[in-house]
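Visitor: Hi, I've got a structure open and I'm a bit lost. Can you walk me through some of its helices and loops?

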Amino acid sequence: MSEYHIKVAIAGGGIAGLALAAGLAKKPHIDVHVYESVPAYKDVGAGLALHLNAIKAMTLIGHEVRQAYFDKALSMGDENQEMATEVILAQGPHQGQLVAELGRAKGRKTVSRADLLDGFLELIPRDRITFGKRLVSISEQVSSEHKVRLTFQDGTEAAVDCLLGADGVHSLTRSYLLGADHPATSPKNHDGWQIYRTMVSTEEARKQINPKWTTSVPILLGPRGHINCIPLNKNTRLSAGVAVRGAVFSAQDGRAPPLDPLLYADYSEEAQQIVRMIAKDTSASWTAADHDHAPYYARGHVAMFGDAAHASLPFAGNGAAQALEDVAVLDYLFEHVSQQRHIKAALQAFNKVRRPRSQAVVDLARKFGRVYAYAEDGMHEDPVRMKQFFGEMAAFTNEFDVRGQNEAALEAFMMNCGTDGEVDGTLRN
C-alpha cells in the first residue's frame, strides 16, 4: 500500500462537512481539513428530527457519529415507544383527521442544529478545522503536485488533491462546477415560501398552546400555511413555525408581510393557538429556497454534497438525511482511494449513485409543500388518498438500503478505475 496521503479539503463545517470530516479523519491515508467561513457557530436552525435513513447513514460513517446524535438529541418518549411526526388536517371538512405518521421509529428524537454541530465537532481533531476561512476562488491545475488550489477571503491559499464542497445553498463550489450563470446554480423559491418562526422556552409555550405539542412533532395542514412544532435543547425550548406558500414579498426590501393570525380563523383552535404564539415574535423567520437539478455533482477533483448539491425545501423532513447519505457514500469511497489518480473515479461514482435519489427528494419536498398547502390536485379533499401518498413517500425516504447504496457506489468506482474489483492490486476493507 502506498504511503501517499490524499489531501482533502472540505469547504463548509455544517452537518454534512463535519460528519464527513469525522469519517475521513479516521483514515490514515487521508489528510482532511475543514474550512468553515464563519468565525464561530451561531444557534440557528429550526431543529431536526432525523429519519431512519439518516440513522443508518450515520451508523455507516461510524458508530461514534450516530452516538453524537443520540447524546445531543431529546427523546420524545420512552426508548421502546414508537413515535412519529403526526400530519393532521387543521382546516376544511376533514379538520382533525390524521393523514400521516412520518418517520416512525422507536425512541424518536429531535435535536437543534447547533447541538448536533457541537456533537460532531467533538469527533474532529482541532487541528483539522479552521474557522473564519471563507472560500473565494477555486482553480484546478493539471501539472501541479496537488490538483486543486483554494484562495480564501483573508488572502491565504491552500493546495489539495481534492475539494469536497459542503458550503451550503449559496455554494461557491456549486458556482465553480456549474458556472455562475448556469440556471441551476442559484437557489430558487418557485412557490414563494416564507417560514414564520419563533423560538420560545418550553415553559412559556405550555402557557399558550396545548402542552402535548411541546413534546412531539406535529404538522397541522391548511391552505394559508402549515404549522409545526419541534422541541429542542433537551425539551427546554420549542421551535414553532408557519410555512406560507405564495407569500407576497415587498418590492422595496424583499420582505414578507407580517404574520396575521386572523387569516387562520377557520383552522382548528389548537392550530390557531400556535399561530398566535408565533405572531408575537417572528424574529427567527426565514425565506425558504432549494435548488433546481444540477446536471452533475462532480468534475475533475472537485465535488459538491449536502445542501451545496441538492438543497431542498424542509417539508419532507429529509434534507439532512440526504446530506448524511452523501457523506456515507463519500466516506466509503475514500476508504478505497489510495492514489491521487483514483479521486476522479471516486467522485464520478458518487455522482452516479447519489444524484438521482437526492434530486428525487428535492422534487418530493416540493410536492409535500403543495400537498400541505392544499394545492396538489385536490388531494386534501380525500384523506384516504393523502394517507396512501404519505405512506408511499415515507417508505421511499425512510426504508432505503443505505448500505446497498454504498456498495453500488463502490462497484461504480471499480468500473471507473477499469478493474475487476481491485485498486492497485488490493481492495481496502
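Guide: Sure, we'll go through some helix packing, a few buried residues and a loop, and keep in mind that this is a predicted model.

Visitor: Okay, at what angle do H9 and H12 pack?

Guide: Helix H9 covers residues 319–334 and helix H12 covers residues 402–416, and they pack at an angle of about 45 degrees. Their axes are 9 Å apart.

Visitor: So what do you call that arrangement of H9 and H12?

Guide: Angles from 35 up to 65 degrees fall in the oblique range, so H9 and H12 are oblique to each other. As for handedness, H9 passes H12 in a right-handed crossing.

Visitor: Which residues make the contact?

Guide: On the H9 side you have Glu 325, Ala 328, Val 329, Tyr 332 and Leu 333. H12 brings Val 402, Gln 405, Asn 406, Glu 407, Ala 409, Leu 410 and Phe 413. Sorted by type, the residues of this H9 and H12 contact are 8 nonpolar, 2 polar and 2 charged.

Visitor: What span should H9 have, and what do its end atoms say?

Guide: Counting 1.5 Å a residue, the 16 residues of H9 should span 22 Å. The C-alpha atoms at its ends are 23 Å apart, which agrees.

Visitor: And how many residues of H9 are buried?

Guide: 14 of its 16 residues are buried, so H9 is mostly covered; buried here means under 20% relative accessible area.

Visitor: You listed Asn 406 a moment ago. Is that one buried or exposed?

Guide: Asn 406, which is found in helix H12, is buried, with a relative accessible area of 4%. Setting aside neighbours within four places in sequence, Asn 406 is in contact with Leu 60, Ala 328, Val 329 and Tyr 332.

Visitor: Let's try another pair. How do H2 and H12 pack?

Guide: Those two pack at an angle of about 55 degrees, with their axes 9 Å apart. H2 and H12 are therefore oblique to each other.

Visitor: Which residues meet there?

Guide: Asn 53, Lys 56, Ala 57 and Leu 60 in H2 meet Val 402, Arg 403 and Asn 406 in H12. The residues of that H2 and H12 contact divide into 3 nonpolar, 2 polar and 2 charged.

Visitor: What about Ala 54, where does it lie?

Guide: Ala 54 lies in helix H2, and at 0% relative accessibility it counts as buried. Not counting residues up to four places away in sequence, Ala 54 touches Ala 321 and Leu 324. The C-alpha atoms of Ala 54 and Ala 323 are separated by 8.6 Å, although these residues are 269 residues apart along the chain.

Visitor: New topic: how many residues of H4 are buried?

Guide: Helix H4 (residues 113–121) has 7 of its 9 residues buried, so H4 is largely enclosed by the rest of the structure. Among the buried ones are Asp 115, Leu 117 and Phe 120.

Visitor: What do the buried residues of H4 pack against?

Guide: They pack against helices H1 (15–24), H2 (52–61) and H3 (63–72), plus strand E7 (129–130).

Visitor: Last one, the loop between H10 and H11. What is the phi of Tyr 374?

Guide: Tyr 374 sits in that loop and has a positive phi of about 60 degrees although it is not a glycine. Tyr 374 is buried, with a relative accessible area of 11%.

Visitor: And Asp 377, buried or exposed?

Guide: Asp 377 lies in the loop between H10 and H11 too, but at 61% relative accessibility it counts as exposed. Asp 377 also has a positive phi, about 55 degrees, although it is not a glycine.

Terms used
Residues numbered from 1 in each chain as written. Predicted model: local features only at pLDDT ≥ 70, side-chain atom pairs only at ≥ 80, totals over all residues. Heavy atoms only, no water. Axes fitted to C-alpha atoms, helices over the stretch in contact; angles between N-to-C directions. Helix = DSSP H or I, 4+ residues; strand = E, 2+ residues; numbered from the N terminus. Parallel < 35°, antiparallel > 145°, perpendicular 65-115°, else oblique. Left-handed = near helix turned anticlockwise from the far one by under 90°. Contact = heavy atoms within 4.5 Å. Nonpolar A, V, L, I, M, F, W, Y, C, P; charged D, E, K, R; others polar. Expected span 1.5 Å × (residues − 1). Buried < 20%, exposed > 50% of the residue type's maximum accessible area, 1.4 Å probe, protein only.
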